[in-house]
Amino acid sequence: MPRGLAIALLLGSAVVPCANAAPDAVPVRADIQVRIDPETRELTGKGAWTVPPGESLAIVLDDRFDVRRLEVDARPLSAATERDGRRQWRLAGSERATQHIEIEWRGLLDPLEADLDHRQVLHHVAPVTAPRGTFLPGAAHWHPVFVGRALQYTLTVDVPQSQRAIVAGDLASDRITNGRRRLSYRFEQPDPAIDLMAGPYRVTERKFTGAGSGAITLRTLLHAEVADLGAGYLDATERYLRMYEDWIGPYPYGSFSIVSSPTPTGFGMPTLTYLGIDVLRLPFIRDTSLGHEVLHNWWGNGVYPDYATGNWSEGLTTFMADHTYREQAGPDSARELRFAWLRDLAALDAGLDRPLREFTSRMHGSDQVVGYHKAAMLFVMLRDAIGHESFDQGLRSFWNEHRGSIASWEDLRTAFERASQRSLAGFFAQWLNRAGAPNLRLESAKAVRDADQWRVDFTLGQDRPAYQLRVPVVVDAGSGPQVHWVDFDRERATFSLRSTQPPRSITLDPDARLLRRLAPGEAPPILRRAMLDPTTVTVLTGADEAGAALARRVVEHPLQLRSPEAPLPAAPLLLVGLERDVNRYLARHGLPLRPAELSATPDRATAWVWTAARPTGEPVTVVSARDATALVALGRPLPHYGRQSWLVFAGDTATARGIWPSRPQSIRLDR
Ligand SMILES: [Zn+2]
């Protein structure tokens, strides 16, 4: 079941992969007490689990812990087996009887390393602690996990008085005795494992009356240096809750909390989100990522995706959060986002572009393009096809029917079919099961005078096998641009449109409403291509050590290094080095030098990054720096700028950036 996952940080969203448990099986009930000492890093745990009748199952615990006691119905359970750093016990199933298990364990947590970067945090599943912060992800097996069974729990955490701890669920009590604080939480929604966070938090709290009957408690648990952000975050949370309650249905829990982390994380769990201190300071987190995480309480943590047949929750959340906020800002803003998604898709090597159905969770940038952006485009096209009213009605009935259980893409399709009274089998089949995207071409067009009217005849083409598409074309006549939709399901077809005014031009899908592979002119080169394409060849020229370290941070696959003396590779090129050496290399190979856009900058510029396309089509990405220090300074910021075509840096700050203009597929008709 989906712990889900995460926040769109600069580059995108993070994901905690987690053990799948079927929420449909009868859950195990647990009553757990843990004591954590961030100074000594010691954890002591004790708990009682009630396992309803059922099949045998495994109990798994990280092997850093010593087990003091493990009894099933008051009898010790036989020795554990060890595998992959985990200790595992087999609990024989019981057909009729409920089993009672008691376990006591203790051990040492890892020290918290605050300087991990976002990608490392994503892959780091050890339980860590320090006075600055404690993070025990459920996937790290810091408490006994009953594999394949979900958990309903009461959990009491005992921490030093200056600290506060939080897990998913509602706070039942918060008491201080003898310098220790004991917080009890209760969570009734079945969940496979518990994520626990603690730190020297300041709490801001308010009540919110939701669309359902009960009051919802909103809280921020923040480090002192960001505590003043609390009220603003609660305002935003309230706004998002209202919006989604109105759109989908009542918020399914009794609380929502925003918790700060000393590491640059972004995680979302039911009822809370855990965000890095520096992340919380970024204004766009409150404006977009927070809403995305709030919405995951409906999609992902309220209705669970069926991982076996594909994860729809990221795409639907991206559509209803990120894309919706852009639509609220205006049509240009939303179109810019859709174009960015299509540019990312165009930057994706064909081998990485998988069918949407195969997406389960994000571990690489390419998964994000498929699982988030392709899927979000599916919902853009679906709403265009069936209309806003049917779309919203389909969403609400999907929520009502599947809340608290697993649902598949097919369940979504059924809900939208019922709401729109039409078959969507072909629509979902082609967008879920096919890799890649249509290559759509506006092949020819002409204007014909027809009595006192005008006619525009135009031909569309696409690759084989043809997709069934509803294609928007825009005819610009005297009265302004007019959108027409045509059904196109063959490899080539000619269409006629009428116009009362003399038409000036016809343009294919200028609003990016279709999931499609942009034509070369429509997709200007961006940095992400070099980051994702495993055929990219890296050439270092000057300050090789700093250059190699930077390239390794930017590129998501093993580097293919080539000497600057070797001939120019017939592949995408990433050139990293010092200004003088870079210029010499570019000149020697007849490659374009630094574009004028990057030179109109003040003297304090220390590095320039740009993309270009060679006449043969291969993209070139250049990182040129004044000195080795300037290269090192790019290590942290540059990986976050995959969507840009060019940037200028002063140290680690981007002082200018841009995307090369894209040329839509358009034909002039008035010549
Ligand atoms: Zn997400």
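The exercises below work through a zinc site, two sheets, a cavity and some single residues of this structure.

The model is predicted: local features need pLDDT of at least 70, side-chain atom pairs count only at pLDDT 80 or more, and totals for chains, interfaces and linings use all residues. Residues are numbered from 1 along each chain as its sequence is written, and side-chain values use heavy atoms, with hydrogens and water left out.

**Exercise 1. The zinc site**

Find the protein donors of the zinc ion and state their spacing along the chain.

Solution.
- Step 1: Donors are N, O and S atoms within 2.8 Å of the metal (3.2 Å for Na, K and Ca); water is not among the atoms, so sites may look incomplete.
- Step 2: His292 and His296 each donate through NE2, and Glu314 donates through OE, lying 2.1 Å from the ion.
- Step 3: Along the chain these donors follow the spacing H-x3-H-x17-E.
- Step 4: Histidine 292 and histidine 296 are both buried. Buried means under 20% relative accessible area, exposed over 50%, and partly exposed in between (1.4 Å probe, protein chains only).

**Exercise 2. The sheet of eight strands**

Give the strand order of the open sheet of eight strands and name its edge strands.

Solution.
- Step 1: Helices (H or I, at least four residues) and strands (E, at least two) are DSSP runs, numbered from the N terminus. Two strands pair if DSSP finds at least two bridges between them.
- Step 2: The order is β7-β6-β10-β4-β3-β15-β18-β17, with mixed pairing.
- Step 3: The edges are β7 (75-76) and β17 (170-177), each of which pairs on one side only.
- Step 4: At one end, β17 pairs with β18 (residues 180-191) in the antiparallel sense over seven bridges. Serine 173 stands opposite serine 184 in β18.

**Exercise 3. The sheet of four strands**

Describe the open sheet of four strands, then place strand β5 within the sheet.

Solution.
- Step 1: The order is β8-β9-β5-β14, and the pairing is antiparallel.
- Step 2: β8 (81-83) and β14 (145-146) are the edge strands; each has a single partner strand, so one side of each is left without a neighbour in the sheet.
- Step 3: On one side, β5 (residues 57-62) is joined to β14 by two bridges, and valine 60 stands opposite valine 145 in β14.
- Step 4: β5 also pairs with β9 (residues 86-91) over six bridges, again antiparallel. In this pairing leucine 57 stands opposite leucine 91 in β9.
- Step 5: Leu57, Ile59 and Leu61 point one way from β5, while Ala58, Val60 and Asp62 point the other way.
- Step 6: Six of the six residues of β5 are buried, so the strand is largely enclosed by the rest of the structure.

**Exercise 4. The second largest cavity**

State the volume of the second largest cavity and the classes of its lining residues.

Solution.
- Step 1: On a 1 Å grid over the protein atoms alone, a cavity is a set of points where a 1.4 Å probe fits but cannot get out; lining residues have an atom within 4 Å of a point. Grid points are joined across faces, edges and corners, and a volume is the space filled by probe spheres set on the points.
- Step 2: The whole structure has five cavities of 30 Å³ or more, and the second largest holds about 70 Å³ of space.
- Step 3: Its lining includes Leu527, Met531, Val609 and Leu638.
- Step 4: At least two lining residues come from each of α12 (544-554), β35 (573-578) and β37 (619-625). The largest share, three residues, comes from α12.
- Step 5: Ten lining residues are nonpolar, one is polar and none is charged. Ala, Val, Leu, Ile, Met, Phe, Trp, Tyr, Cys and Pro count as nonpolar, Asp, Glu, Lys and Arg as charged, and the others, Gly among them, as polar.

**Exercise 5. Backbone geometry in loops**

Is alanine 451 buried or exposed, and is alanine 512 buried or exposed?

Solution.
- Step 1: Alanine 451 is in the loop between β27 (441-450) and β28. Although not a glycine, alanine 451 has a positive phi of about 55°.
- Step 2: Alanine 451 is exposed, with a relative accessible area of 68%.
- Step 3: Alanine 512 lies in the loop between β32 (505-508) and α11 (528-532), and its phi is also positive, near 55°.
- Step 4: Alanine 512 is buried, with a relative accessible area of 0%.

Technical notes: On a 1 Å grid over the protein atoms alone, a cavity is a set of points where a 1.4 Å probe fits but cannot get out, and a pocket is an open set with protein on both sides within 12 Å along at least five of seven lines; lining residues have an atom within 4 Å of a point.
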